[in-house]
Amino acid sequence: MSAQPATGHRAADSRRWWALAVIAIAQLMIVLDITIVNIALPSAQKDLGISDANRQWVITAYTLAFGGLLLLGGRLGDLFGRKRVFIVGLLGFALASAIGGGATGAPMLFAARALQGAFGALLAPSALGLLSTTFSDPRERSTAFGIFGAIAGGGAAIGLLLGGLLTEYLNWRWCLFVNTPIAIATAFAAFSILTSDHVAKGRRVKLDLPGAFLGCGGLLAIVFGTSEAVSRGWVDWLVLGSLGLGALLLVVFVLVERRTEHALLPLHIVGERNRGGAALSVGLAMVGMFGLFLFLTYYLQVIKHFSPVMSGVSFLPMTAAIVISSTGFAARLMTRVPSRNLIGPGLLLAGAAMAWLTQMKVDSPWAGMVLPAELLLGFGMGLVFMPAMSLATLGVAPNEAGAASATINSAQQVGGSVGTALLNTIAASATATYLATRIAGNPQVQAEGAVHGYVVATWVAMGILLTAALIAFLMINHRPAPGEATGEAVPGAAGAGAATAGAPAKAGAVTPGQRQRAS
C-alpha cells in the first residue's frame, strides 16, 4: 500500500519538471526573438530594400503588439485556460515566424513581426502563470523560478549570439525560421505534458472589454511613443502626443477597473506592496539592462570592430553569470532570506557594473573593461529576476495568475522600450554636443564622441538602477515562512508568508500544484 503513493509522487515530480522544460523553451523563444532580429536587421534591410526611415518597424512592430496586448493576453489565459492559450500562442508564433522568414517585401515582414508580438503576448503571461500554478512547494518553486529567471535574464544575450551565427553562416531569414519547428514541437509537448486547466463555458466570467481597450491602448501608445523617440526625439509632437495619450488612457483604465466586477487587471494585484515593488524593480532594471545591450553592441561592432558572431560570443560571460547567480544562489537563498535582501543587492551590483563602464575609452580592452561589467551585471540580474518573478504571482488566486503574470511582463517590456529610447536619445545628444566643439570629420574624434555618448547614458542607467534598489528595499517586505527552506514550514506561518504577497487561499481549497501531485 505504501509503494503506490511513492510511485505516484515520483511520476508527478517527473511530470512537473517536464512541464518546466516546456515552459522554459517557450520563454527562451520569446526572449530570444527580442534581440535575435537586431543582428539580422542590416541584412534584412538590404535584401528587402527597406529604407532607413522604416527599418525600425522590424523591431517596433513586434514591441508594439507584444507590449500593448500583454494585459489582454494574461486575462485570456485566466478566462479560457492557460494551457489552451499557451498552445495557441505557440502555434501562432510558429506561423508568424514562418511568414516573416519568407517575407517578400517590407510590409509582409512588418506584419509578420506584429503577429509574432501578438502571439507572444498570449504566450508570455501564460508561461509564467503555468509555472506559478504548477510549482506550489516552496523549494521546488525556488528552483523552477531560478531557471525561469536565468532564461529571462540571459536569453537576450543568447539571442545576440544566435542571431550572429545564423546571419553570418546561413541567412537572416533563419533568425525567424528557427522559431517555427521549435514552437510546433513545444506545442505538441505542451499538449501531452501540461496539466489541463480548462475553464468550462458556463463558469467563465465576461471579458472586461472597456478595460482591454483602455489598458492595452495605453500601453500601446506608451511603447509607440518611446519607440518613435529614438528617431524623432522626445520633443516631437507625435512622441509627446503618444506618451500623453498613453498616460491618460492608463489613468482612465485605473478609474474604470476600480468599479468593474470582473476587471482585466484587479487592482489589488499591483496595489500589494511586494508585487508592486517587484514590478517597479524589474521595469527599472530592464532600463539599465537594455541600455547595456544597446551600447555594448555598438561599442563592440563599431568601435572595436568585432564581427556579429564575436559580439554575440562576448556576451556569453554575462549569460553564464546570470545562470549561476539565479540557479546557484538566488534559488537557494529565496527560501531562507527576505526577498529584498536578494533584489536590492542584485540591483546594486548592476549599478556597480554601470559605474565600471563609465570609465570606458575607445582603446579599453574587452577583458579589462567589458568583461568585469558583464559579470557584475550578470550576477546582479540573476539575484533580481528570479525572486521578482516569484513575487509577481506568489499568493495570487489561480484565476488571477494570468493577470499577475502579465503585469510583470508588461513592466519588463515597457521598461526595456523606455530604456532603449531614453538612453539612446541621451547618448546621441551627448555625442552631438561633444563633436560640436571638435573636428567632427576625424574618425578618431568620431569614435571618441560615440564612446562619450555611451558613457553619459551609462551614468543615467546607473542612477536608474540605484533608484530601483532603493524602491526594492523600501517596498518589498516578503519573508519566507519558518521551515520553508527544509520543506517543513509551519502551516500557520506558511499562510502568513503567502498573505504577505496577496490574499491567502480559502480554507480547504486545493491548489493546482496539489491537484497535480494527487494525480
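Visitor: Leaving aside its neighbours within four places in sequence, which residues is L131 in contact with?

Guide: Quick ground rules: this is a predicted model, where local features need pLDDT of at least 70 and side-chain atom pairs count only at pLDDT 80 or more, while totals for chains, interfaces and linings use all residues. Residues are numbered from 1 along each chain as its sequence is written, and side-chain values use heavy atoms, with hydrogens and water left out. Contact means heavy atoms within 4.5 Å. Once neighbours within four places in sequence are set aside, the partners of L131 are L20, I23, A144, F145 and F148.

Visitor: How many residues does the largest nonpolar core have?

Guide: A nonpolar core here is a set of buried Ala, Val, Leu, Ile, Met, Phe, Trp, Tyr and Cys residues joined through side-chain atoms within 4.5 Å. Buried means under 20% relative accessible area, exposed means over 50%, and partly exposed is in between, using a 1.4 Å probe and protein chains only. L131 is among the residues with the most contacts inside the largest core, along with F86, L347, L377 and M381. That core's residue count is 97.

Visitor: And which helix brings the largest share of this core?

Guide: Helices are DSSP runs of H or I with at least four residues, strands are E runs of at least two, and both are numbered from the N terminus. The largest share comes to 15 residues. They sit in the helix spanning residues 273–303, α11.

Visitor: How many residues are in the second, separate core?

Guide: This other core includes L64, L214, F253 and V414. As general background, nonpolar side chains in soluble globular proteins tend to be buried together. The residue count for the second core is 17.

Visitor: Zooming out, what share of the contacts with a separation of 6 or more comes from residues 24 or more positions apart?

Guide: The protein has 19 helices and zero strands, and buried residues make up 56% of its 519 residues. For contacts with a separation of 6 or more, the share from residues 24 or more positions apart is 83%.

Visitor: Which residues form a salt bridge?

Guide: The criterion is a side-chain nitrogen of Lys or Arg within 4 Å of a carboxyl oxygen of Asp or Glu, and the structure holds one such bridge. Its closest N and O atoms are 3.4 Å apart. One partner is in helix α1 (residues 3–48), the other in the loop between α5 (138–169) and α6 (174–177), with their positions 126 residues apart. The pair is D47 and R173.

Visitor: Is D47 buried, exposed or partly exposed?

Guide: The relative accessible area of D47 is 42%. Because that value falls in the middle class, D47 counts as partly exposed.

Visitor: How far is E374 from the nearest side chain of opposite charge?

Guide: For this search Lys and Arg count as positive, Asp and Glu as negative, and His and the chain ends are not counted. E374 is in helix α15 (residues 366–393), where its contacts beyond four places in sequence are L296, S314, F315, P317, M318 and W366. E374 is buried without a salt bridge. The nearest opposite charge is K304, and the distance is 13 Å.

Visitor: R113 makes a polar contact with the side chain of which residue?

Guide: R113 is in helix α4 (residues 106–134) and is buried, at 1% relative accessible area. More than four places away in sequence, R113 touches D33, V37, V58, I59, A61, Y62 and L176. A polar contact is a pair of N or O atoms within 3.5 Å; within protein, one must be able to donate a hydrogen and the other to accept it, and residues adjacent in sequence count only if both atoms are side-chain atoms. At 2.9 Å, the partner of the R113 side chain is Q116.

Visitor: Which side chain does H478 join in a polar contact?

Guide: H478 is in the loop between α17 (443–475) and α18 (491–499). H478 is buried, with 6% relative accessible area. Its side chain has a 3.1 Å polar contact with that of S339.

Visitor: What phi does H305 have?

Guide: Most residues other than glycine have a negative phi. H305 lies in the loop between α11 and α12 (308–314) and is exposed, with a relative accessible area of 65%. Although H305 is not a glycine, its phi is positive, at about 60 degrees.
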